[in-house]
Amino acid sequence: MSGHDSTTPVASAPPKELRRTVGASVVGTIAEYYDFFIYGTASALAFNEVFFPEVDSAVGTLAAFSTYAVGFFARPLGGLVWGHIGDRIGRKKALVFTLLLTGLGTFAVGLLPTYNQIGIWAAVILVLVRLIQGFGVGGEQGGAVLLTAEAAPPARRGFYASFVQLGSPAAYLIPTGLFALLTTQLSDEAFLAWGWRIPFLLSSLVVVIGLIIRLRINESETFKAAKDTQAAQTAPVKLLLRNNRREVFGGLFTKFVEAAVFPFYTVFLVAYAKDQGVDSGMVLNAVLIAIGAELVMIPLLGRLTDRVGRRPVYLAAAVLNLLLVVPAFRAIQTGNMAVIVLLLIAGLAFGHAGTYAPQASYFPELFPSVARYSGISIVWQFGSMLASGPFTVVATALLLAGDGSFTWVAVYVSALIAVSIVALCFMPETAPGRRGGREYAHWPEAAHDTTASDETAPVGAGRH
């Protein structure tokens, strides 16, 4: 198949509409990831005793993290389904349904009976809810960044798209803050009896707000221009596997570093602190401070990718994360708040943010518009499933196997980061500003756009 998807001139969204799209994407993503991250924190603090009280505390924590991992294994299926819907029916419609699925699942967790009430069936129902949540989240982040990236002017795509990434740390910040408040204000008995349910039940308010805002945004003009082309009649995944295998598999491996270090810094280190006898509430407060710093850095790093390129920022941050693995454990062992805060700021505000901010523009730029939702979702969700899904389970198991020594956990984290570093060395640069104004893959161009277009490239092919 030959041709191009730039036959219909499509302008970037007007400033007012662009701001509305960015705002809706951020709020919607906060709602989605509030639902998802709240579970990770609850797994570290309560679920071992609420749902697995009959086993040793460390084994119970491992079991709780296992139910956390289940959601990640449903995400690739969700990514494939919602990616297809987003490429064929519309970005907006897919995002509305993913928000509803994830939100209803989280609210249901807040109503679940415990092990003491119905036995093992409590854990079984919990796993089923996690599968529903994972299926919904599978189509969320890719669609949210895509909607914004397609509305943004190419020269500032990294900056505008990076705002969507604020949704994830902000979504972690809200439930973490709630849990920090609850654990300090309630007794252990009250927290385990009913306090842990409050953040889950409050998710209904977040979802309603996100849904109202998301329903008000317009469908992507890029999608409208591409949906009736000849290439749009081909199944998106088939198109990607035929023309974009390098981008799919390379992008998937570059995802590893970001997918691994976020649960490492924000979930596993909290559990590790508890295992070391360090106040987990203090570590949660340190995480809150570092997340606040990350919220400031994400758009700044997104803007930097427009100037110097996506790959240099991504690669530098990946190397930083590798250098911080062992110091992260040492910082927790000190039990010193200032040391822990400094380490987490370095890891989250620079290390994680430096890999997370570029993804919002880098992944959309790798794929043609007719299969872009599917391409992003495959990279995002399969990468997350492999690197983030089993992370807390494997890391906790390695910690147990090492009798509390962090050595094998450090090796595991470092290996995941190293995979991304190697993959990035073989991936292309996609920022239009670093490619003489040209796009790497096909995007419908603005009528007033003076950038060159490659009229002879096959649909789905990158411009190398």
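1. Let's start with one side chain. W121 has a relative accessibility of 55%, so it counts as exposed, the cut-off for that label being over 50%. As for its address, W121 sits in helix α5. Please keep in mind throughout that this is a predicted model.

2. Which residues join W121 in the nonpolar patch on the surface? Its partners there are I118, I120, V124, I125, L128 and L131. Taken together, the patch has about 610 Å² of accessible area. Helix α5, which covers residues 121-137, is the top contributor, giving five residues to the patch.

3. Now to the chain as a whole. The protein chain has 19 helices and zero strands, so you can look at α5 as one of those helices by the DSSP-run numbering. Of the 464 residues, 60% are buried.

4. The surface may interest you too. About 16,300 Å² of the protein chain is exposed, and 67% of that comes from carbon and sulfur atoms.

5. How do the contacts spread along the sequence? Among contacts in the protein chain with a separation of 6 or more, 85% link residues 24 or more positions apart.

6. A friendly word on confidence. The average pLDDT of the protein chain is 83, and 87% of the residues reach at least 70. Residues 1-10 stay under 50, and the model gives them 34 contacts beyond four places in sequence. Residues 446-464 are also below 50 in pLDDT, with 45 contacts in the model beyond near neighbours in sequence.

Technical notes. Residues numbered from 1 in each chain as written. Predicted model: local features only at pLDDT ≥ 70, side-chain atom pairs only at ≥ 80, totals over all residues. Heavy atoms only, no water. Helix = DSSP H or I, 4+ residues; strand = E, 2+ residues; numbered from the N terminus. Buried < 20%, exposed > 50% of the residue type's maximum accessible area, 1.4 Å probe, protein only. Contact = heavy atoms within 4.5 Å. Areas by Shrake-Rupley, 256 points an atom, 1.4 Å probe, with all protein chains shown as cover. pLDDT = per-residue confidence, 0-100. Patch = residues over 30% accessible without salt bridge, like charges linked within 9 Å, V, L, I, M, F, W, Y side chains within 5 Å. Salt bridge = Lys/Arg side-chain N within 4 Å of Asp/Glu carboxyl O.
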